[in-house]
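Me: Could you take a close look at one part of this model with me? I would like to understand a single loop and what surrounds it.

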Amino acid sequence: MIAFAAHYSNDAKHLITYNSQFAAGNHSCALARIGGTVMNGTNVKKMRYDILLIAVLLFISAVSVGLLMLTRTAGERVVVEHNGTQIASYLLSVDGEYVLNGGTNVLVIEGGEAYLRYADCPDKVCVNTGRIKYEGQTIVCLPNKIAITVRGTDGGVDIVQ
Ligand SMILES: [Zn+2]
């Protein structure tokens with residue numbers, strides 16, 4: 001005894017018109033109306049698929065991050081570049097303190113990690129970058145045009161000791 005008329009909007013995504021009438025004239029709405037969109041079984045199902053999709057995407061990105069963490073490898077050395085030109089390379093396995101670029105930055109290698117102990121730049125972003133040790137990690141001092149990058153064994157980088 002329910003007269004049900006449903007019309008979809010032009011994009012066919014939202015059910016916009018809904019009528020439910022009992023013969024007695026009472027109106028009974030078993031469906032929720034949210035923001036002008038009637039939620040019927042189809043829309044609820046669609047919503048569940050959306051949630052499922054988001055959950056799947058979150059899971060995939062979590063797994064990707066996990067794999068990246070597992071597969072990243074500690075580098076062999078750091079390469080120091082000034083203005084795009086390599087000026088030095090130091091093994092991460094050898095502890096040491098190195099004055100770079102005539103004293104603008106001081107690089108420390110300690111326990112297989114590299115960090116800048118001192119920089120004369122105003123922002124100190126490079127010093128605050130902290131320690132790096134994995135291949136591809138980098139410390140950049142923009143004001144002094146210094147870049148320190150961790151390289152691996154395969155690198156294709158000329159070894160300058
Ligand atoms: Zn700096």
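**A loop and its surroundings**

Reply: Happy to. Let us start with Asn-101, which sits in the loop between β7 and β8. Please keep in mind that this is a predicted model. The phi of Asn-101 is near 55°, a positive value in a residue that is not glycine. Most residues other than glycine have a negative phi, which makes this a good place to pause. With 19 C-beta neighbours inside 10 Å, Asn-101 counts as partly exposed, because burial would take 20 or more.

Now step out to the strands on either side of the loop. β7 and β8 pair in the antiparallel sense, over five bridges. In one of these pairings, Tyr-98 has Leu-107 in β8 as its bridge partner. The two strands belong to an open sheet of three, in the order β7-β8-β9, with antiparallel pairing. Its edge strands are β7 (96-100) and β9 (113-119), each of which pairs on one side only. From one strand to the next, the twist averages 25°.

There is a useful parallel elsewhere. Asn-83 also has a positive phi, of about 55°, and is not a glycine. Asn-83 lies in the loop between β5 (77-82) and β6 (85-91). What about its surroundings: is Asn-83 buried or exposed? Asn-83 counts as exposed, because it has 10 C-beta neighbours inside 10 Å.

The strands around Asn-83 lead to another sheet. This open sheet has four strands in the order β6-β5-β11-β10, and the pairing is antiparallel. Here the edge strands are β6 and β10, each pairing on one side only. On average, neighbouring strands of this sheet are turned by 15° against each other, direction ignored. β5 and β11 run antiparallel and are joined by six bridges; Val-79 stands opposite Thr-149 in β11.

What do strands of the two sheets contribute to the nonpolar core? The largest nonpolar core has 17 residues, and those touching the most other members are Val-78, Val-80, Leu-107, Ala-114 and Ile-148. β5, β8, β9, β10 (138-141) and β11 (146-151) each supply at least two residues of this core. Leu-107, the bridge partner of Tyr-98, is thus a familiar name here. Ile-148 is a good residue to click on: leaving aside residues up to four places away in sequence, it touches Val-78, Val-80, Leu-107, Ala-114, Thr-138 and Ile-139. In soluble globular proteins, nonpolar side chains tend to be buried together. Across the chain, 13% of the 161 residues count as buried.

For the wider frame, the chain has two helices and eleven strands, following the pattern β-β-β-β-α-β-β-β-β-β-α-β-β along the sequence. Among contacts between residues at least 6 apart in sequence, 29% join residues at least 24 apart.

Finally, a word on confidence. The chain averages a pLDDT of 79, and 69% of the residues score at least 70. Confidence is highest in strand β8 (residues 105-110), at 98, and lowest in strand β2 (residues 15-19), at a mean of 39. Over residues 1-35 the pLDDT is below 50, and the model gives this stretch 37 contacts beyond near neighbours in sequence. Residues 155-161 also stay under 50, with seven contacts beyond four places in sequence. Where pLDDT is low, the predicted coordinates should not be read in detail.

Methods. Residues numbered from 1 in each chain as written. Predicted model: local features only at pLDDT ≥ 70, side-chain atom pairs only at ≥ 80, totals over all residues. pLDDT = per-residue confidence, 0-100. Contact = placed C-beta atoms within 7 Å. Pairing = 2+ DSSP bridges. Axes fitted to C-alpha atoms, helices over the stretch in contact; angles between N-to-C directions. Buried ≥ 20, exposed ≤ 12 C-beta atoms within 10 Å, placed from the backbone. Core = buried A, V, L, I, M, F, W, Y, C linked by C-beta atoms within 7 Å.
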